[in-house]
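Here is a short tour of one pocket and one strand, written for someone who likes to keep the coordinates open alongside. Please have your viewer ready.

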Amino acid sequence: MSKTPTTYIERAARAISVILSFGALPPLATAGEPAPDAALGERLYFEGRKVDGSPLLAKTQSDVPLPGSRAACVTCHRPSGFGTSEGGYFVPPINGATLFSERKLDRGRFLLNRFEQAQPQRYRARLSQPHMRPAYDFDTLGRALRNGVDAAGQELDPIMPRYELSHADVANLQAFLKNLSAKIDPGVTDEELHFATVVSKDAAPQDRAAMLSVIEAYFNWANKNSGGERSREGFSPYHQSELISATRKWRLHVWELDGAPESWPEQLEQKYRAQPVFALVSGLAPVWGPIAEFSDSQKIPALFPNTELPGNRKGSRTFYFTHGLELEAKGLVTFFSRRTGEKKRIRQIVGEGPLAVEPAKVFEQGARAAGVDVETIAAADNIAGGRRPASNGATDAVVLWPGQMDDEKIASLLSVSPAATPLYLPSHKLDFARSKWAQPFADRLFFVDPYEVDVGSHPLSFRVRAWINTRGVQITNQTLQFQTYYALSLLDAAVGRLKTDFFRDYLVENIEHEAEGDLNPGIFPRLSLGPGQRVASHGVFVVRTSPDGNDAVAPVGDWMIP
């Protein structure tokens with residue numbers, strides 16, 4: 001990045017320093033050195049380790065040291081190599097096709113960066129300067145990295161680190177960068193972008209229909225807009241015509257999964273071989289782990305599935321709204337540990353299946369660490385034992401993880417729990433409170449709820465509701481359908497920023513960037529992501545239903561982030 005001199009004297013001094021720096025450069029090529037190793041260049045880019053394994057040494061802003069991983073290229077230029085904007089600074093792309101080609105004026109890319117984000121004046125001033133340059137080669141790349149002088153002889157911004165690198169380090173990095181984001185990812189043609197949504201057979205049919213109604217309406221709407229753009233290319237203003245080449249029709253593929261979750265990766269592999277997709281969007285499955293493993297193995301981004309049990313999140317390409325039942329279990333631990341008074345004694349009743357067993361493990365482990373006594377019993381044993389007291393004294397609360405059992409079975413479990421004891425259930429069973437089976441327990445039912453308490457009054461929810469209504473879609477499950485809309489609108493915004501650079505890493509980076517905008521549909525107090533983050537909301541309420549019989553819920557405490 002170039003920094004514009006403000007006076008003629010500064011310009012002259014800058015030019016002299018650049019000329020002198022050329023003469024001071026050591027030779028970059030030495031006979032007899034080993035051939036460049038792209039794998040070692042990748043290690044330098046991502047980990048900040050040089051050819052001999054030692055950490056990178058660099059300085060930024062003239063004298064601020066940046067050791068090791070802090071100096072790694074990926075820190076600013078991101079895994080895709082397409083850079084970013086941060087703190088008012090524009091970080092340009094350094095992927096192979098960009099770095100080793102002559103820079104030309106691209107009005108389409110300029111407009112995307114210029115008008116689609118709020119940035120200070122210095123950013124806009126920097127972006128407005130064309131700064132054309134020839135393609136980089138081995139010598140000019142080394143000069144830029146060591147001395148901060150670009151291929152055109154312009155001094156780079158002081159924020160760009162100046163590195164201590166050997167000839168081999170430069171050669172290895174060049175070999176890696178030449179292939180970085182060089183080949184368009186699968187699922188993209190000249191005319192279409194292919195996306196899939198994954199639905200498991202154990203998902204409720206009414207929920208499947210609700211989700212797909214929003215997805216299909218959004219795809220139809222997006223394709224009508226893109227079709228209009230492409231059909232009037234010759235009549236577009238000059239700057240818009242340079243963006244039309246990025247426009248693609250969206251193609252939806254619904255991947256249905258049946259059988260045990262262990263068989264899902266193989267089913268997904270078969271569907272992917274038949275039709276590769278660029279990304280997975282939304283989706284519906286109580287357990288998402290096997291689907292996340294597939295998407296990670298194929299390096300496919302997966303955007304905000306509707307699930308109770310997210311998969312492994314470290315290094316994953318799947319984005320989630322919350323940690324699911326794990327978050328709710330930890331939220332309950334926080335709720336009980338914050339309450340004053342004598343030591344709490346909790347009876348935990350566990351149903352069958354992972355939606356019951358997994359959160360029960362998390363709750364018991366966290367509760368014991370927080371000094372809360374927990375007696376865990378299986379649902380079948382609770383019924384067989386009748387209204388027996390907890391083995392260590394009176395029960396202060398009952399926590400039930402029912403899994404996928406129906407309302408009648410839940411009521412039978414609660415009916416043999418200690419009388420007048422508060423009863424706590426997970427959020428996916430909130431509908432139980434509105435059923436006839438809940439009437440005997442209505443005054444002591446509580447739920448862990450990761451959502452906004454009053455979605456209907458949230459300002460952002462009005463826009464989403466209006467969009468859904470004007471597309472003729474019936475709102476049958478507001479939470480599910482609003483979440484689905486969010487996944488689609490975020491995908492739309494992120495794809496729009498790709499222009500013609502259809503790389504999955506770049507899509508992931510734009511999702512992280514766009515998530516903090518105004519796309520929140522109002523069902524969460526806040527949604528936000530940062531680089532490497534995969535979960536957008538981290539808190540819960542404990543709520544109870546309204547006594548007047550409507551669908552409203554009221555919190556019994558503050559928003560908690562475990």
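Let's begin with the helices around the second largest pocket: H9 (205-231), H13 (325-338) and H18 (478-498) each supply at least two residues of its lining. Among the contributors, H18 gives the most, with 4 residues. Do keep in mind that this is a predicted model.

The second largest pocket has a volume of about 1,600 Å³, and 48 residues line it. If you would like to centre your view, Ser427, His428, Asp431, Asn477 and Thr479 are the lining residues nearest the middle of the pocket. Sorted by class, the lining comprises 21 nonpolar, 15 polar and 12 charged residues.

Now over to strand S1, which spans residues 57-60 and has side chains that alternate between two faces. Ala58 and Thr60 point to one face and are buried, whereas Leu57 and Lys59 point to the other and are not buried. The pairings of S1 are set out below.

| Partner of S1 | Sense | Bridges | A bridged pair |
|---|---|---|---|
| S2 (residues 64-67) | antiparallel | 4 bridges | Thr60 with Val64 |
| S5 (residues 162-163) | antiparallel | 2 bridges | Ala58 with Tyr163 |

Both buried residues of S1, Ala58 and Thr60, thus appear in the table: Thr60 is bridged to Val64 in S2, and Ala58 is bridged to Tyr163 in S5.

What connects S1 and S2? The two strands form a hairpin with 3 residues between them. Within that turn, Gln61 has a positive phi of about 50 degrees.

How values were computed:
Residues numbered from 1 in each chain as written. Predicted model: local features only at pLDDT ≥ 70, side-chain atom pairs only at ≥ 80, totals over all residues. Heavy atoms only, no water. Buried < 20%, exposed > 50% of the residue type's maximum accessible area, 1.4 Å probe, protein only. Pairing = 2+ DSSP bridges. 1 Å grid on protein atoms, 1.4 Å probe; cavity = no way out; pocket = protein on both sides within 12 Å on 5 of 7 lines; lining within 4 Å. Points joined across faces, edges and corners; volume = space filled by probe spheres on them. Nonpolar A, V, L, I, M, F, W, Y, C, P; charged D, E, K, R; others polar.
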